[in-house]
Amino acid sequence: MLMEQWWRQNASPTFNKRLLFAAEIRGGTRKRRAPQSRALCHPWNKVMSIVEISEKSWQGILKVQEEAYTGVPPEEVDVLKSKWKASPETCFVFQSSSNEILGYLLAHPWNSDEPPKLFEELPRKSAGDTLYLHDLAVSNNARESGIGKQLSSKLIEVAKLRQFNRVLLVAVQGSGGYWSKFGFREVHNASICSSYGTNAKLMSLNVQA
Ligand SMILES: CC(C)(COP(=O)(O)OP(=O)(O)OC[C@H]1O[C@@H](n2cnc3c(N)ncnc32)[C@H](O)[C@@H]1OP(=O)(O)O)[C@@H](O)C(=O)NCCC(=O)NCCS
């Protein structure tokens with residue numbers, strides 16, 4: 001989000017109410033947060049930016065990957081970079097004002113109902129009308145503060161802007177519930193490589209009317 005947008009959103013009476021609500025939670029006078037309050041009030045979001053990945057982003061991306069994946073082994077940097085090189089305009093990091101990488105998303109065009117294999121570089125002929133989300137991860141320290149939501153919204157926005165028909169992904173580590181919040185639905189009887197781990201689900205979201 002641009003600083004100007006942030007200011008417009010946050011300098012409103014509604015935002016002040018949200019700040020008050022958050023203060024009450026910290027003071028123990030309220031049990032639950034208001035919808036959206038955590039995301040808007042969290043310190044990460046006052047300085048955040050979502051930017052396209054560059055060569056210098058990779059150290060931070062690998063650090064987040066290492067923290068985020070316990071159910072499936074991490075992928076080699078060249079494998080991850082092959083997704084980025086194929087489609088740099090659909091790959092992003094979420095970074096703090098000091099350029100610390102707190103989250104990333106890697107997505108690329110795809111042409112099949114079957115997801116690409118894990119641990120392998122992207123095949124050359126992958127162009128198609130599907131935007132495939134290879135990976136979305138947020139640093140353990142920055143979870144539950146709305147960063148995943150902002151990156152996921154960016155993914156859907158970019159898919160619409162670039163006129164893909166759908167966004168496809170494999171939900172791993174029990175993240176199916178997370179994706180259903182964004183409107184993704186499970187594709188039943190899909191063929192998914194076993195390296196995605198147990199309980200992996202293929203999920204799809206149509207983005208064109
Ligand atoms: C899944 C992940 C990206 C979510 O990131 P996050 O920044 O913690 O998520 P947010 O704070 O933006 O949460 C957005 C909403 O999803 C909910 N949510 C977060 N993780 C969830 C999960 N695993 N299952 C169901 N809902 C979840 C939040 O409670 C929040 O709900 P609300 O809007 O109703 O308050 C993060 O947990 C992660 O990196 N996981 C490890 C990597 C991974 O498994 N990625 C999925 C690849 S398919």
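Which of the 19 residues around the ligand come nearest? In this predicted model, they are Arg-143, Gly-148, Lys-149, Gly-177 and Tyr-178. Two or more residues of the shell are supplied by each of the strands β4 (130-138) and β5 (166-171) and by each of the helices α7 (147-161) and α8 (176-180). By character, the shell around the ligand comprises nine nonpolar, six polar and four charged residues.

The strands β4 and β5 that contribute to this shell also belong to an open sheet of seven strands, arranged in the order β1-β2-β3-β4-β5-β7-β6 with mixed pairing. At its edges lie β1 (49-52) and β6 (185-186), each of which pairs on one side only. Strands of a sheet pair through backbone hydrogen bonds, in either a parallel or an antiparallel manner. Here, β6 runs antiparallel to β7 (residues 201-206), and two bridges join them; within this part of the sheet, Arg-185 stands opposite Ser-204 of β7. On its other side, β7 is joined to β5 by six bridges, and these two strands likewise run antiparallel. Ala-171 has Lys-201 in β7 as its bridge partner.

Helices cover part of this sheet. Helix α5 (residues 58-68) packs on the sheet, where it touches β2 (91-95), β3 (101-110) and β4, and its direction makes about 95° with that of β3. Helix α6 (residues 77-86) has Leu-80, Ser-82, Lys-83, Trp-84 and Ala-86 as buried residues. The buried residues of α6 pack against the helix α5 and against the strands β2, β3 and β4.

These elements meet again in the largest nonpolar core, which has 43 residues. Two or more of its residues come from each of α5, α6, β2, β3, β4, α7, β5 and β7, and β3 provides the largest share, with seven residues. The residues with the most contacts inside the core are Tyr-104, Leu-105, Ala-107, Leu-133, Leu-155, Val-167 and Leu-169. Leu-133 illustrates how such residues are connected: setting aside residues up to four places away in sequence, Leu-133 touches Leu-105, Ala-107, Leu-155, Val-167 and Leu-169.

The account thus returns to its starting point. The elements β4, α7 and β5 each give two or more residues to the shell around the ligand, and β4, α7 and β5 are also among the elements that give two or more residues to the largest nonpolar core.

Definitions and conventions. Residues are numbered from 1 along each chain as its sequence is written. This is a predicted model: local features need pLDDT of at least 70, side-chain atom pairs count only at pLDDT 80 or more; totals for chains, interfaces and linings use all residues. A residue is near a molecule or strand if its C-beta atom, placed from the backbone, lies within 6 Å of it. Helices (H or I, at least four residues) and strands (E, at least two) are DSSP runs, numbered from the N terminus. Ala, Val, Leu, Ile, Met, Phe, Trp, Tyr, Cys and Pro count as nonpolar, Asp, Glu, Lys and Arg as charged, and the others, Gly among them, as polar. Two strands pair if DSSP finds at least two bridges between them. Two residues are in contact if their C-beta atoms, placed from the backbone, lie within 7 Å. Axes are lines fitted to C-alpha atoms, for helices over the stretch in contact, and angles run from 0 to 180 degrees between N-to-C directions. A residue is buried if 20 or more other C-beta atoms lie within 10 Å of its own, exposed if 12 or fewer, and partly exposed in between; C-beta atoms are placed from the backbone. A nonpolar core is a set of buried Ala, Val, Leu, Ile, Met, Phe, Trp, Tyr and Cys residues joined through C-beta atoms within 7 Å.
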